[in-house]
Amino acid sequence: MFPTHVIATRPFSDQTPGTSGLRKRTSVFQQPHYLENFVQALLDEAALPAGSTLVVGGDGRFFNREATHTIVRMAAANGITHVVVGRGGLLSTPAASHLIRRGAAGGIILSASHNPGGPEGDFGVKYNAANGGPAPESFTNAVAARAAALASYRITDLPPYTLDLIGRQQVGHLTLDVVDPVSAYADLMASLFDFDAIRALFANGFRLRMDSMHAITGPYAVEILERRLGAASGTVINAVPLPDFGGGHPDPNLTYAQELVEEMFGPDALDFGAASDGDGDRNMILGRRFFVTPSDSLAVLAANATLVPGYRNGLVGVARSMPTSAAVDAVASTLGIPCFETPTGWKFFGNLLDAGRITLCGEESFGTGSNHVREKDGLWAVLFWLNVIAVRRQSVEEIVRAHWGRFGRNYYTRYDYDAVPTEVANGVMAHLRAQLDALPQRALGGRTVRAADDFVYTDPIDGSTSTRQGIRILFEDGARIVYRLSGTGTEGATIRLYIERRETAPERLDMETADALRDLVATALSVAEIVERTGRTAPTVMT
Ligand code: VG1
Ligand code: CO
């Protein structure tokens, strides 16, 4: 047998997972024992029964391969006898979720998602449970407590094995399956969408640009869009995953997906543009010179779901995270189905999906998904849109404008202030909390406040409660301002400001978002004293 070592570690008190797993600078993860400490805490807490399967894979960023080997060796040392790894240690987050759901007891996903990668960038580790979804808060809190108290971890010297050849290897007592990262996921997509209709769309000259931002969706997009659906070769740009994402910020928004945005708003704009993030769970949808807000995208998909084979029988319900606009609420009320409002982070959708209470869900941060996996899914959203376009035979812009005409329009914007000193950001939140009781009935910028609170969520399935999930100022006319601190940043704090106003009058559906929200933005900045407290006169990113 191969020796298992029990290695002394020092407790790490900074291993509390945030919105989506543990995310730190790569250099922090590279410290001696740091990764091992966290993985041991995860494995201890998960306590997988004998004979169970663990899935491992990541978005290919710098340190992905080393971390994969460490986890394989630690899994073996902790009695796990079957590990499934994507070839090269690669798996997109939605593909990992899908593989876990096919009989594994859990999975470890290596990614810091939309955060930059590389030696100077970020790394991340997330545990997903047997349902394929991010472990709930109760689990992550318990892991953090263990990680802060651990004395040692277990790791095995394994005989040589490879992550680069598809197939089964017997490595000591460990059965290691290296799988093609793409094929099972591509088959799942083919089972949900009308690939014949989408193929016909491309055959008739429909032009798409997909920007994979040098991140994990490249191989998935090439296989599905170009090979299986016949989109022109070269449709997918930045298709080769790179350890540092080509030095970019793999976040599909109007600021960072620059190459795509320039083309889609330029003189030779194509019919449809899309981008995905580092780990493949986010999506940005663009029409010709037209940006679809993620909140609108969720609402449009919900309203058109029965046009898609996988959702032909309709939706049982929908959910959105609290800061996401209420556009989908209007669709749910017309369809007569429930709409749930959850805290930020995909883990809060898991119970609702597992209990069969919702079919679609989404977040304003370019995340949309359904009950097909337990993560948000970037390429799924792109395929959903393509399927809807193929059936409706309308442009992206026509579909969205028709949607606004029918359901009303939720003007929406998000401001992010990155790398704010932590004390300053906490000061902004404390200043807001101190005003909560005095805000109701007050007039702010000509609007009357109906209610103000710090969002509390009680899970309807397991009754668990999550507090302090974001400050909401709700106005009587339905407008809303939300403030929260990011749980995914690694430098200082990120303040997020979300602003929304609903409009149903037909003559007011075509305003520029900046014009429609100007007053509310001014109110939001002044109530929080953003400029005074942070010294920032403009956000880092505006969506
Ligand atoms: C952000 C988004 C949130 C998303 C999370 C993980 O969190 O706002 O909606 O679920 O990232 O997405 P925060 O706490 O920074 O606002 V990903 O693509 O990193 O898995
Ligand atoms: Co992501």
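Here is a friendly exchange about how domain 1 and domain 2 meet in this predicted model.

Me: Happy to start with the layout: how do you know which stretches are domain 1, domain 2 and domain 3?
Reply: The division comes from an automatic or database domain assignment. Domain 1 covers 4–181, domain 2 covers 185–407 and domain 3 covers 409–542. The centres of domain 1 and domain 2, taken over C-alpha atoms, are 28 Å apart. Their contact takes in 34 residues from domain 1 and 31 residues from domain 2.

Me: What makes up the area buried between domain 1 and domain 2?
Reply: About 2,400 Å² is buried there, and carbon and sulfur atoms give 59% of that area. On the domain 1 side, Pro-94, His-98 and His-114 lose the most area to domain 2, together 23% of what that side buries.

Me: Why is the pairing of Lys-126 with Glu-375 called a salt bridge?
Reply: Good one to check! The rule asks for a side-chain nitrogen of Lys or Arg within 4 Å of a carboxyl oxygen of Asp or Glu. The closest N and O atoms of Lys-126 and Glu-375 are 2.7 Å apart, so the pair qualifies. Across the interface of domain 1 and domain 2, the rule finds one salt bridge.

Me: How many residue pairs are in polar contact across that interface, and which elements of domain 1 give two or more residues to it?
Reply: There are 11 such pairs, with both residues at pLDDT 80 or more. The elements are α4 (93–101) and β6 (122–129). The largest share, six residues, comes from α4. By type, the domain 1 side that touches domain 2 has 11 nonpolar, 18 polar and five charged residues.

Technical notes
Residues numbered from 1 in each chain as written. Chains lettered and ligands numbered in written order. Predicted model: local features only at pLDDT ≥ 70, side-chain atom pairs only at ≥ 80, totals over all residues. Heavy atoms only, no water. Contact = heavy atoms within 4.5 Å. Buried area = accessible area lost by both parts, 1.4 Å probe. Polar contact = N/O pair within 3.5 Å; in protein donor to acceptor, adjacent residues only side chain to side chain. Helix = DSSP H or I, 4+ residues; strand = E, 2+ residues; numbered from the N terminus. Nonpolar A, V, L, I, M, F, W, Y, C, P; charged D, E, K, R; others polar.
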